[in-house]
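This report looks at two topics in turn, the cysteines and the surroundings of the ligand. Please keep the sequence and the 3D view at hand while reading.

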Amino acid sequence: MSTRAWSEGPLFRDSDGIGFLAYGGDYNPEQWPEDVWLQDVELMKLAGVNLVTVGVFSWSKLQSGPGDYNFGWLDRILDLLHSAGIMVDLATATASPPAWLVEAHPEILPMTEFGTKLSFGSRQHYCPSSPQYRAAAAELAAAVANRYHNHPALRLWHIGNEYGCHVSACYCDISASSFRNWLRKRYGTLEAVNSAWGTDFWSQRYTSWAQINPPRSTPTFNNPSLKLDFARFSSDELLDCLLIERAEIRRVDQSVPITTNFMGLFRPIDAFKWAEALDVTSYDSYPDPADDEAHIVSALASDLTRSLGGGRPWLLMEQAPSAVNWRSINLSRAPGQYRALSLQAIARGSEGALCFQWRASRSGSEKFHSAMLPHVGTESRLWNEVVSLGKEIADLADIAGSTVSSSVGILFDWENWWALEMESHPSSDLRLVEVLLPIYRGLFELGVTVDFVHPGQDLNPYRLIIAPALYLIGDSPAASLATYVKAGGNVLVTFFSGIVDDEDHIRLGGYPAPWTETLGLVVEEFLPIPSGATVTMSGDLLGPLGGTGRLWSEEIRLKGATVLLSYLDEWRGDRPALTEHHICDGTAWYLSTLPDRESMRAILQMVCETSDVTPALAEPNGVEVVIRGGNLFLINHTKIPRRIDLGVPFFDRLGNTMVGPVLEVAPMDVLIVAAAAPGGV
Ligand code: GLA
């Protein structure tokens with residue numbers, strides 16, 4: 001039975017119990033005199049803002065010394081927001097320890113792998129293992145929770161902020177000692193650690209716990225199994241910080257949902273593990289407007305965040321309405337793009353669209369970060385966009401609480417990501433995202449919505465499972481993938497999968513050892529392709545022109561699989577690039593290279609068709625198509641108008657009229673159509 005404070009239906013309800021989609025953003029009233037607050041609240045009402053995140057970086061304003069709290073200003077702003085009908089996501093304010101705490105306990109400051117202590121003066125400068133930091137954060141979280149858990153504006157608790165951002169691991173002596181304790185719990189004996197880390201290699205055997213340290217800077221490659229455990233430990237240490245604060249909140253309040261904001265494809269945090277501690281998953285979305293495929297990156301991160309929460313609705317916690325301040329060149333979003341990406345998140349399951357931040361700062365290092373209320377004020381294109389999106393989101397309130405379904409699961413595991421990208425591998429060009437993104441993009445272009453699935457999860461809800469560069473796999477998930485295929489499942493496995501076990505030790509007997517029978521082949525050798533080079537692929541699937549592969553290829557011995565695509569190697573003759581193997585009722589494909597875009601799409605289309613995976617729309621024609629709660633979202637992220645054939649007329653929810661069956665989606669425009677008007681009008 002779920003112990004979550006929220007697990008279905010709308011995440012947010014107003015004081016009458018009516019569900020709504022959230023619209024608003026981080027609000028930092030502490031940066032402004034109180035007379036500005038009154039104007040803020042009036043403008044929020046004008047913009048349709050109904051929820052703001054308060055207090056994320058307020059520690060020094062809330063507490064000026066041990067036990068010395070100043071809650072008056074927060075009382076006043078929460079009351080003011082409430083009187084205007086604006087609800088609150090309240091932060092525990094622990095992300096940035098104040099100067100007085102660092103002065104009293106300088107050991108709170110984190111240390112890099114090179115032994116440099118980082119200084120006070122920016123943010124998130126704490127060692128996750130520091131007992132002083134943890135105690136002070138727990139005390140503040142408890143004080144905030146005690147004071148506000150009954151506040152009528154409160155709708156969500158926001159613990160910390162972007163855990164792992166800036167400092168994801170600390171290498172100081174306090175961390176070293178915690179690392180040893182973590183290892184004692186995982187392995188029990190020093191001998192087990194030596195065995196897991198293969199320390200007979202390069203004379204690395206440990207004879208006492210005290211000899212073990214974090215992977216500080218070494219002359220050459222540090223032990224990869226140690227580094228993998230340190231990555232696990234570092235994620236767990238930060239998670240402990242969250243759990244400590246969570247316990248303080250739950251001591252006084254069991255009903256308001258708790259979140260912390262993830263960062264999409266952010267490597268240091270094992271978000272599948274973290275999500276178990278949250279009632280709702282949320283994430284901060286900052287795709288680069290300079291990237292023509294920014295919308296694919298944000299779609300992927302949205303699907304990932306939804307999947308972390310087991311398919312429940314989630315929350316877009318932050319995005320920039322236009323430019324950020326932290327890239328070397330900060331492009332603004334194109335007109336309409338703020339709306340398109342906000343509605344994209346809602347299409348993919350978000351319970352609203354929030355921004356960083358409400359009002360643009362006038363000082364500090366984020367003063368050039370865009371905001372809903374820009375420096376120029378309300379006479380601006382951006383403000384007009386903010387106001388009109390607020391109206392549209394209010395009109396979509398009936399979507400709150402509905403879910404998105406998918407019949408394709410992409411296997412995703414943070415432990416694999418850490419292990420895959422260690423040094424001393426066949427190619428350091430092989431990064432997880434390099435493989436994942438082209439696969440995701442191919443499915444996106446076909447109009448197929450995917451879930452991300454942890455390899456330990458039940459695979460049976462999916463018609464098709466894809467394993468991209470799943471280098472590390474435990475015994476039990478490896479076996480369950482094989483069983484899934486035998487029971488009639490379909491799987492596409494890519495190169496460099498099934499190579500090592502949980503300790504980063506090679507699985508012997510021919511790669512990928514756990515699945516040679518499933519795939520009907522053995523990989524004998526890896527043949528990475530140098531950057532800039534390609535191999536030519538041919539086969540019926542790609543037509544007479546064939547295609548190319550890059551990054552990787554392999555020498556494969558077939559043991560029952562059929563070759564669908566092959567490449568010509570001047571030394572080795574024809575070699576399999578894509579194979580197919582039927583086993584019992586299932587089909588297993590193996591892809592040994594990274595195909596060009598067109599070839600990838602052709603492969604994925606064949607795999608989806610064979611697996612009976614149906615896209616949201618047969619011909620998306622360059623438009624993003626997603627179905628949520630009976631609504632078909634059509635988003636044109638491109639600069640050209642796109643024609644769509646819906647087959648039958650639909651009700652256009654934003655235009656409030658019947659449209660189609662053939663319709664045009666203008667550049668950067670969004671249409672949301674449904675079989676009928678909500679409420680059946
Ligand atoms: C992160 C943080 C915010 C802000 C934005 C700027 O998402 O959580 O406080 O710094 O970045 O893009």
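## A buried cysteine

In this predicted model, Cys 172 has a relative accessible area of 3%, and because the limit for a buried residue is under 20%, Cys 172 counts as buried. The structure holds 0 disulfides, and Cys 172 is accordingly in no such pair, although the sulfur of Cys 170, the nearest cysteine sulfur, is 3.5 Å away. A disulfide is a covalent bond between the sulfur atoms of two cysteines, and the pair is counted here only when the two sulfur atoms are within 2.5 Å.

## A second cysteine

Cys 241 is likewise without a partner, because its sulfur is 8.3 Å from the closest cysteine sulfur, that of Cys 127, which is too far for a bond. Cys 241 is also buried, with a relative accessible area of 4%.

## Around the ligand

Which residues are around the ligand? They are Phe 57, Arg 123, Asn 161, Glu 162, Asp 284, Tyr 286, Glu 318, Trp 326, Phe 356, Glu 366 and His 369. Sorted by kind, the residues of this shell divide into 4 nonpolar, 2 polar and 5 charged.

## Contacts and cover

Oxygen atoms of the ligand take part in several of the contacts: one is 2.7 Å from an N or O atom in the side chain of His 369, and for the side chain of Arg 123 the corresponding distance is 2.9 Å. A polar side-chain atom of Tyr 286 lies 3.5 Å from an oxygen atom of the ligand. Taken on its own, the ligand has 310 Å² of accessible area, and the protein covers 98% of that area.

Terms used
Residues are numbered from 1 along each chain as its sequence is written. This is a predicted model: local features need pLDDT of at least 70, side-chain atom pairs count only at pLDDT 80 or more; totals for chains, interfaces and linings use all residues. Side-chain values use heavy atoms; hydrogens and water are left out. Buried means under 20% relative accessible area, exposed over 50%, partly exposed in between (1.4 Å probe, protein chains only). A residue is near a molecule or strand if one of its heavy atoms lies within 4 Å of it. A polar contact is a pair of N or O atoms within 3.5 Å; within protein, one must be able to donate a hydrogen and the other to accept it, and residues adjacent in sequence count only if both atoms are side-chain atoms. Accessible areas come from the Shrake-Rupley method with a 1.4 Å probe; for residues, only the protein chains shown count as cover. Ala, Val, Leu, Ile, Met, Phe, Trp, Tyr, Cys and Pro count as nonpolar, Asp, Glu, Lys and Arg as charged, and the others, Gly among them, as polar.
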